Amino acid sequence: MTSMEARTSGATDPAAALEAFGAPLSRDFYRQDAVQLAPMLLNCILVHETAEGIRAGRITETEAYTQDEPACHAFRGRTLRNAVMFGPPGHAYIYFTYGMHHCMNAVSGPEGRGEAVLIRAVEPLVGLEQMLRARGLPAPAPGAALTPAARVRLGRALCGGPGRLCQAFGLDRTLNGDDLTRRPRLWIAPPGVSAGFARPESIVASPRIGISAGTDLLWRFTLRDDPYTSR
DNA sequence: ATCTCGATAGTCT
DNA sequence: GACTATCGAGATC
């Protein structure tokens with residue numbers, strides 16, 4: 001199986017899926033500022049390894065949050081909830097909100113600074129069956145050919161939004177603080193060879209979603225012409 | 001396509 | 001007691 005096949009077939013064979021991905025991104029990679037890191041994470045691969053199997057997706061939408069501005073949980077200083085944001089970079093900051101949803105961030109910047117990158121959407125690549133079950137969505141009719149448009153609709157229904165992708169990937173507070181630079185369980189691989197890191201001309205910057213302050217900052221990052229966004 | 005609204009519980013004032 | 005880095009359903013255009 002080629003790396004492309006492993007990434008697009010939705011195969012649940014863990015060994016084949018993992019072989020397709022590079023080693024986890026390094027601690028140094030995460031140490032850069034959130035606003036620089038956020039676009040660098042586009043096209044990278046979010047991976048969750050559990051006993052049930054592998055779930056993976058290509059990151060398509062991110063947002064930067066830093067302690068300098070009030071939309072960030074770290075703005076008012078360190079608390080029990082936001083503590084991992086102030087810890088070393090390269091860890092997962094996963095919090096619970098609206099009484100029913102989780103959001104997943106990658107902690108960035110030097111230790112002691114409260115900042116992180118919110119992962120808002122991915123294109124699901126591996127473990128689609130598990131994701132469907134986790135999201136409580138019906139599986140597409142067996143044997144039905146999945147048109148490109150239908151594939152995108154499915155991908156967005158599964159992982160188009162921070163709450164959706166956490167539910168699809170099975171991410172909750174028990175994974176808060178998990179080291180993203182080590183396997184298992186939750187980690188991020190560099191982009192696949194065909195995609196590569198997003199080139200500057202393909203990156204779109206826009207205001208962050210769902211906040212009331214800091215809407216003047218263009219700290220939401222998506223890929224030009226990529227349909228796998230949250231809205 | 002775009003809108004409004006309600007759900008629901010943890011966090012902080 | 002107010003607010004929330006959201007989502008889905010239902011109404012309306």
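## A walk from Asp225 inward

Start by selecting Asp225, which counts as exposed because its relative accessible area is 78%, over the 50% cut-off. You'll find Asp225 in the segment after β8. Keep in mind as you click around that this is a predicted model. Now check the backbone: Asp225 isn't a glycine, yet its phi is positive, about 70°. Most residues other than glycine have a negative phi.

Next, jump to Tyr98 for another case of this kind. Tyr98 has a phi near 55°, a positive value in a residue other than glycine. Look for Tyr98 in the loop between β3 (92–97) and β4 (101–107). Is Tyr98 buried or exposed? With 66% relative accessibility, Tyr98 counts as exposed.

**Into the sheet**

Select residues 53–66, which make up strand β2. 14 of its 14 residues are buried, so β2 is largely enclosed by the rest of the structure.

Which strands sit alongside? Work through the partners one by one:

- Add strand β1 (residues 45–50): β1 and β2 are antiparallel and share six bridges. A hairpin of two residues takes you from β1 to β2. For a landmark, show His48, which stands opposite Arg55 in β2.
- Add strand β5 (residues 115–126), which runs antiparallel to β2 and is joined to β2 by ten bridges. Here, Thr62 has Ile119 of β5 opposite it.
- Add strand β8 (residues 220–223), paired with β2 in the antiparallel sense over three bridges. Thr62 turns up again, standing opposite Phe221 in β8.

So put Thr62 in the centre of your view: Ile119 in β5 is opposite Thr62, and Phe221 in β8 is opposite Thr62 too.

**Out of β5 and into α5**

Now select Gly127, in the loop between β5 and α5. Gly127 counts as buried because its relative accessible area is 0%. Draw a distance from its C-alpha to that of Ile54: the two are 73 residues apart in sequence but 5.8 Å apart in space.

Carry on into helix α5 (residues 128–135). Colour Leu128, Gln130, Met131, Leu132 and Arg135, the buried residues in α5. What do they pack against? The buried residues of α5 pack against β1, β2, β5, α6 and α7. Just after α5 comes Gly136, with a positive phi near 70°.

**The helix crossings**

Show α5 together with α7. Their axes come within 7 Å and cross at roughly 115°, which makes α5 roughly perpendicular to α7. The crossing is right-handed. To see the contact, display Met131, Ala134 and Arg135 from α5, which meet Arg164, Gln167, Ala168 and Phe169 from α7. By class, that contact has four nonpolar residues, one polar and two charged.

Keep α7 (residues 162–169) on screen and bring in helix α6 (residues 148–159): the two axes cross at roughly 90° and come within 6 Å. That makes α6 roughly perpendicular to α7. On the α6 side, show Arg156, Ala157, Leu158 and Cys159; on the α7 side, they meet Arg164, Leu165, Ala168 and Phe169. This contact divides into six nonpolar residues, no polar and two charged.

**Last stop**

Finish at Arg185, in the loop between α7 and β6 (186–189). Look at the bond between Pro184 and Arg185: the peptide is cis, with omega about 5°. Most peptide bonds are trans.

Definitions and conventions
Residues are numbered from 1 along each chain as its sequence is written. Chains are lettered from A and ligands numbered from 1 in the order in which they are written. This is a predicted model: local features need pLDDT of at least 70, side-chain atom pairs count only at pLDDT 80 or more; totals for chains, interfaces and linings use all residues. Side-chain values use heavy atoms; hydrogens and water are left out. Axes are lines fitted to C-alpha atoms, for helices over the stretch in contact, and angles run from 0 to 180 degrees between N-to-C directions. Helices (H or I, at least four residues) and strands (E, at least two) are DSSP runs, numbered from the N terminus. Angles under 35 degrees count as roughly parallel, over 145 as roughly antiparallel, 65 to 115 as roughly perpendicular and the rest as oblique. Contact means heavy atoms within 4.5 Å. Ala, Val, Leu, Ile, Met, Phe, Trp, Tyr, Cys and Pro count as nonpolar, Asp, Glu, Lys and Arg as charged, and the others, Gly among them, as polar. Buried means under 20% relative accessible area, exposed over 50%, partly exposed in between (1.4 Å probe, protein chains only). Two strands pair if DSSP finds at least two bridges between them. A crossing is left-handed if the near helix is turned anticlockwise from the far one by less than a right angle, and right-handed if clockwise.
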